[in-house]
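Reader: I have a structure to look at. Please walk me through how its helices pack and where its cores lie.

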Amino acid sequence: MTSRMVAAVRGAVALALASAGTGFAGEFDCIIEPSKTVDVRAASEGLIEKIWVDRGDMVKKDQVLVTLDSGVERAAAESARYRATMQGKIRTGQSRVEFSTTKYKRREQLASQSFISLSDRDEALTEKQLAESELLEARDERRLAEIEHRRLSEQLRLRTIKSPVDGVVVDRLLNAGELADNRDLRKPILRLADIGTLHVEVLMPIEAFGKLSPGQRVEVLPEAPVGGRYTATVTVIDRVLDAASGTFGVRLELANPALKLPAGIKCRASFPAVTGRGATPAASAPRPVQKPAPVPSGKPM
């Protein structure tokens, strides 16, 4: 609930309590709000290619909302994918390892029979070790190409923006052809509201504090023309009271699976367990009748 809305509702509740005297009923003013509001922005700067939804559209989680221009990123990812699948260097290295291994075995056999010098045998051994190192380097390069392909694929994925919630599009602030700047936090592309679960914010008099508990079931009555009766559950009870208005906040959670209930409407919350009267204010307490001072007897001086 916004600070303006809280102040307005607190004022209305305080006025209602003042006009009702010292008693308070089992129904209290409330307002139904989305469980969350999400500003959809681009993770990276880019030109908006297409926006697939508009204001008032219902969206599902992971539904594609916005597509950014991604020609450069797509080409880079394709190039990295090709490098990650190249086999030329690896096959060349394998061939060199096989040849140098065979050569070394022959030189080893000749050296054992003293047909060649030990220097020739050591040279063949060095060639074999270098061929093995080149093969290992080729495999490392291929592994790095696979990692680079994954990185560029993730960058390409960020060019497609999906919905994080089930809800409704509250506002559309940019259009196709405009620049989505991830550094400008003041202007998102879309604003979504999650109305699959609703929050009911209630302001109650201080006299009701201690009479509520989390998990308690409460009946919510939206105002006309929505109407109807719905059951919500107490989830939050404020522990910081507002002395100025004599109220404290309570949040209810209301399931809205069919998305039938809209958000942003006033309602009444019925708490059958909250009954009783508050203490009589000192200002309204009857004043004791003062008796006249007794007149002293005797003659005047």
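Author: Start with a crossing: α2 passes α4 in a left-handed crossing, meaning the near helix is turned anticlockwise from the far one by less than a right angle. This is a predicted model, where local features need pLDDT of at least 70, side-chain atom pairs count only at pLDDT 80 or more, and totals for chains, interfaces and linings use all residues. Residues are numbered from 1 along each chain as its sequence is written, and side-chain values use heavy atoms, without hydrogens and water.

Reader: Are α2 and α4 roughly parallel or roughly antiparallel?

Author: Helix α2 spans residues 71-85 and helix α4 residues 118-157. Their axes lie 8 Å apart, at an angle of about 160°. Angles over 145 degrees count as roughly antiparallel. The two helices are therefore roughly antiparallel.

Reader: How many residues of the contact of α2 with α4 are charged?

Author: Contact means heavy atoms within 4.5 Å. Among the residues that meet are Glu73 and Arg74 in α2, and Arg142 and Glu146 in α4. Asp, Glu, Lys and Arg count as charged. Beside 7 nonpolar and 2 polar residues, the charged ones number 7.

Reader: Which element gives the largest share of the largest nonpolar core?

Author: A nonpolar core joins buried (under 20% relative accessible area, 1.4 Å probe) Ala, Val, Leu, Ile, Met, Phe, Trp, Tyr and Cys residues through side-chain atoms within 4.5 Å. This one has 27 residues, and Met204 is one of those touching the most other members. Elements giving two or more residues include β1 (27-40) and β11 (247-255). The largest share, 6 residues, comes from β8.

How values were computed: Buried means under 20% relative accessible area, exposed over 50%, partly exposed in between (1.4 Å probe, protein chains only). Helices (H or I, at least four residues) and strands (E, at least two) are DSSP runs, numbered from the N terminus. Axes are lines fitted to C-alpha atoms, for helices over the stretch in contact, and angles run from 0 to 180 degrees between N-to-C directions. Angles under 35 degrees count as roughly parallel, over 145 as roughly antiparallel, 65 to 115 as roughly perpendicular and the rest as oblique.
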